[in-house]
Amino acid sequence: MTSTDQRETLPPSPVPARRGRAAARTFAENRLAVAGLVLIGLFVLFCFLGPLIYHTQQVTTDLGSADQPPGPHHPLGTDDVGYDELGRLMAGGRSSLEIGVAAALIATIFGTLWGAVAGYVGGFTDSVMMRVVDTLLALPSLFLLLILSAIFTPSVGLLIVVVAFGAWLSPARLVRGETLSLRTREYVQAVKMMGGGRARAVLRHVTPNAIGTIVVNATFQVADAILLVAALSYLGLGIAPPHADWGNMLSNGTEFVQNGYWWMILPPGIAIIGVVVAFNFLGDGLRDAFEVRLRRPR
């Protein structure tokens with residue numbers, strides 16, 4: 001049997017599988033991360049499957065049912081125009097999660113490509129691309145978001161673009177730093193020696209090996225995006241009624257807090273805090289898990 005045949009019959013190395021099991025075990029041992037993952041799952045079920053079970057009318061106002069406290073017909077009461085608060089919490093959560101996840105996904109993809117290209121190419125191109133990032137970082141992100149939201153009519157699509165516009169800078173800097181380290185590795189240098197193009201090196205070798213940083217940052221991006229959307233909506237620049245998100249529910253509730261209408265402010269406030277904390281716990285757990293996965297085997 002030739003040496004080539006021997007190499008072909010060798011079993012795959014158990015190192016990647018062992019690292020994967022170690023990462024999964026590390027994540028499972030982090031109770032806060034597991035609790036965050038479970039809580040996110042419950043929020044998704046509540047916001048997307050809940051309206052299929054608990055049917056409410058969230059389009060036409062009903063002033064005859066306005067300002068009702070929690071009761072048998074309205075478990076979380078009604079708001080000042082008669083909308084059922086529990087149903088509105090589901091609808092508002094769906095909008096908040098859609099905007100947060102979509103904005104974080106767009107920002108992560110664009111920021112990852114921007115940072116990977118800048119770090120891999122280097123030189124003058126890197127300097128110009130990162131000066132763009134530094135310039136945008138120097139500008140107050142909330143101020144830019146307020147200007148864009150005031151110019152254009154707020155909608156789910158617009159808020160996704162607006163939030164993503166200010167969120168891609170962080171992953172760009174992080175991935176650029178990872179790329180500066182990864183581009184000197186042997187497997188990346190081998191791509192150059194074999195005549196591989198820059199696009200192949202970035203997409204097939206650099207980016208996949210920075211996946212830990214990318215995924216962990218993406219979870220924090222979701223939390224930050226939800227907070228930004230809530231802030232914009234609280235300032236009156238969110239989704240226009242009758243559509244809802246947790247931010248405009250909270251803003252509307254603060255107008256009636258002196259009347260003792262606690263059910264208009266506590267549920268959306270608790271929901272915002274809960275989902276943001278859950279994504280942060282998940283990000284911390286994933287960071288620890290990826291650190292174990294990338295650690296050199298002894």
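Me: Buried means under 20% relative accessible area, exposed over 50%, partly exposed in between (1.4 Å probe, protein chains only). Which class does Arg-287 count as?

Reply: The model is predicted: local features need pLDDT of at least 70, side-chain atom pairs 80 or more, while totals for chains, interfaces and linings use all residues. Numbering runs from 1 along each chain as its sequence is written, and side-chain values use heavy atoms, leaving out hydrogens and water. Arg-287 has 38% relative accessibility, so Arg-287 counts as partly exposed.

Me: Which residue forms a salt bridge with Arg-287?

Reply: A salt bridge puts a side-chain nitrogen of Lys or Arg within 4 Å of a carboxyl oxygen of Asp or Glu. Here the closest N and O atoms are 2.8 Å apart. The two partners sit three residues apart in helix 13, about one helical turn. The partner is Asp-284.

Me: How far apart in sequence are the parts that Asp-126 and Arg-176 tie together?

Reply: Four salt bridges turn up in the whole structure, and one of them joins Asp-126 to Arg-176 at 2.6 Å, N to O. Asp-126 lies in helix 5 (residues 123-138) and Arg-176 in helix 8 (residues 169-182), so the parts tied together are 50 residues apart.

Me: Is Asp-126 buried or exposed?

Reply: Its partner Arg-176 is partly exposed, with a relative accessible area of 25%. The value for Asp-126 is 7%, which means that Asp-126 is buried.

Me: How many helices are in the chain?

Reply: Helices are DSSP runs (H or I, at least four residues), as are strands (E, at least two), numbered from the N terminus. The chain has zero strands. The pattern along the sequence is α throughout. The number of helices is 13.

Me: Which helix gives the most to the largest nonpolar core?

Reply: The largest nonpolar core has 26 residues, with Ile-226, Trp-246, Val-275 and Phe-279 making the most contacts inside it. Several helices supply at least two residues each, including helix 3 (31-53), helix 4 (85-121) and helix 11 (211-234). One helix gives 10 residues, the most to this core: helix 13.

Me: Which Phe is in contact with Trp-246, leaving aside neighbours within four places in sequence?

Reply: Contact means heavy atoms within 4.5 Å. Trp-246 touches Leu-89, Gly-92, Gly-93 and Ser-96, among others. Pro-268, Ala-271, Ile-272 and Val-275 are also among its contacts. The Phe in contact with Trp-246 is Phe-43.

Me: Is Ile-53 buried or exposed?

Reply: Ile-53 has its place in helix 3. Of the 298 residues of the chain, 40% count as buried. Ile-53 has 74% relative accessibility, so Ile-53 counts as exposed.

How values were computed: A nonpolar core is a set of buried Ala, Val, Leu, Ile, Met, Phe, Trp, Tyr and Cys residues joined through side-chain atoms within 4.5 Å.
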